[in-house]
Amino acid sequence: MTQSNLISHVIRKEVLAMSAYKVADATGLIKLDAMENPYSWPESIKAEWLAILKECPLNRYPDPDAKTLTQTLKQLTHLPDQFEILLGNGSDEIIQLLLMALPEASAVLAPAPGFVMYKQISDSLGLKYIGVPLLTEGFDLDLPAMLLAIEQHRPHVIFLAYPNNPTANLFNENAIVEIIKTAPGLVVIDEAYAPFASASFVDQLGHYDNILVMRTVSKLGLAGLRLGYLMGRPDIIEQLNKIRLPYNINSLTQVSADFALSNKSFFDEQTQAICQERTLVSKALNEFKEIIAYPSAANFILFKTPEGKATDIFLSIKNQGVLIKNMTSQGGVLTDCLRVTIGKPEENKAFLDALQNSLKEL
Ligand SMILES: *Cc1c(COP(=O)(O)O)cnc(C)c1O
């Protein structure tokens with residue numbers, strides 16, 4: 001058997017057809033491409049954290065149930081007692097666990113454009129992924145189109161990112177409720193950007209049998225730890241727990257996340273600073289006559305550049321030392337669009353200066 005024959009013999013055709021998720025190299029650049037919190041920790045907090053790490057027994061397996069951290073998360077989210085939490089190695093792993101548990105060839109549905117991992121993981125598992133276009137004006141849910149697609153495809157899981165990535169808006173709450181009521185399967189409300197938004201479905205967990213709320217600590221400021229969590233009915237969480245690998249949350253993540261979340265006030269200050277900067281950057285973007293910046297309830301802004309110019313502008317900004325994200329190749333409503341993560345004031349200024357220069361070069 002030749003080498004390529006071997007590969008097509010042992011790898012599923014859906015996997016052969018995929019491309020790997022690419023992460024841009026940010027070496028030497030101001031990094032405004034991945035919705036990270038730009039701030040580090042106060043020195044005194046770092047010192048306390050290091051003292052805790054020192055006691056962490058790395059010769060032992062982690063607590064498979066991450067009991068201490070789970071308790072901290074329950075308190076932090078004010079999760080009512082009747083619900084349970086599942087922890088994942090990032091919410092990406094939770095998406096994977098949910099989809100791995102579905103019956104073969106199930107349909108998975110989400111608005112488009114949406115978070116890329118929903119489709120990436122669905123494809124890898126041979127599931128049928130359906131993206132329903134958002135309204136082009138304002139990027140809200142196209143409710144009739146969503147309801148029709150639900151009727152046609154009977155999806156086992158629907159993902160709604162709230163706020164949505166990459167459009168940064170919160171969908172209409174009534175439309176979400178309509179979808180929850182119509183869905184024949186689970187509806188996962190993905191609240192990755194909860195720290196920057198003033199809305200959540202955690203309070204509504206008790207109102208519907210079929211919803212789950214997913215969060216992550218990544219966008220808050222702990223992207224390096226890889227920790228996401230899913231909240232919902234204990235009987236659903238129990239099933240997912242069967243396919244979760246026993247030690248998916250390592251010891252360093254457990255103690256570090258528990259420590260950081262128990263001393264959360266510095267994160268709250270950082271989040272506030274990011275939200276204030278978001279207002280300033282949005283206003284500055286809209287002052288360029290060539291640019292349209294869309295409203296954001298998250299820590300990033302999607303903006304539209306003159307027709308056919310997005311890649312030139314992206315590269316010019318990169319050549320000036322600032323890495324943002326080029327969205328135009330995804331097409332549809334993202335044609336001509338770029339996405340910038342809110343950084344520190346001086347980083348945002350470097351971005352805006354670079355953008356101004358790039359517009360002059362057009
Ligand atoms: C970033 C992001 C995630 C993934 O978060 P991790 O916990 O870092 O895996 C999930 N959903 C949305 C909408 C995101 O933007």
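Helix α12, residues 265-287, lies across strands β9 and β10 (300-304), and runs at about 10° to β10. The model described here is predicted.

**The four-stranded sheet**

Strands β9 and β10 belong to an open sheet of four strands, ordered β9-β10-β13-β12, in which the pairing is antiparallel. At its edges are β9 (292-293) and β12 (325-326), each of which pairs on one side only. Two bridges hold β12 to strand β13, residues 337-341, in the antiparallel sense. Asn 326 has Leu 338 in β13 as its bridge partner.

**The seven-stranded sheet**

A second open sheet has seven strands in the order β2-β8-β7-β6-β5-β3-β4, and its pairing is mixed. Here the edge strands are β2 (84-88) and β4 (128-133), each paired on one side only. From one strand to the next, the twist averages 25°.

Within this sheet, strand β5 (residues 157-161) and strand β6 (residues 186-190) run parallel and are joined by five bridges. Ala 161 stands opposite Asp 190 of β6.

Two helices lie across strands of this sheet. Helix α4, residues 67-77, lies across β2, β7 (211-216) and β8 (228-232), with a direction at about 120° to β2. Helix α6, residues 116-124, lies across β3 (107-112), β4, β5 and β6, and runs at about 155° to β4.

**The ligand site**

Which residues are closest to the ligand? They are Asp 190, Tyr 193, Thr 216, Ser 218 and Lys 219, out of 13 residues that surround the ligand. Asp 190, already met opposite Ala 161, is in β6. Helices also contribute to the shell: α5 (91-100) and α9 (218-222) each supply at least two of its residues. By class, the shell holds four nonpolar, five polar and four charged residues.

Polar side-chain atoms of three residues approach oxygen atoms of the ligand, as listed below.

| Residue | Side-chain atom | Ligand atom | Distance |
|---|---|---|---|
| Thr 216 | N or O atom | oxygen | 2.5 Å |
| Ser 218 | polar atom | oxygen | 2.6 Å |
| Lys 219 | polar atom | oxygen | 3.1 Å |

How much of the ligand does the protein bury? Taken alone, the ligand exposes 390 Å², and the protein buries 94% of that.

Key:
Residues numbered from 1 in each chain as written. Predicted model: local features only at pLDDT ≥ 70, side-chain atom pairs only at ≥ 80, totals over all residues. Heavy atoms only, no water. Pairing = 2+ DSSP bridges. Axes fitted to C-alpha atoms, helices over the stretch in contact; angles between N-to-C directions. Contact = heavy atoms within 4.5 Å. Near = heavy atom within 4 Å. Polar contact = N/O pair within 3.5 Å; in protein donor to acceptor, adjacent residues only side chain to side chain. Areas by Shrake-Rupley, 256 points an atom, 1.4 Å probe, with all protein chains shown as cover. Nonpolar A, V, L, I, M, F, W, Y, C, P; charged D, E, K, R; others polar.
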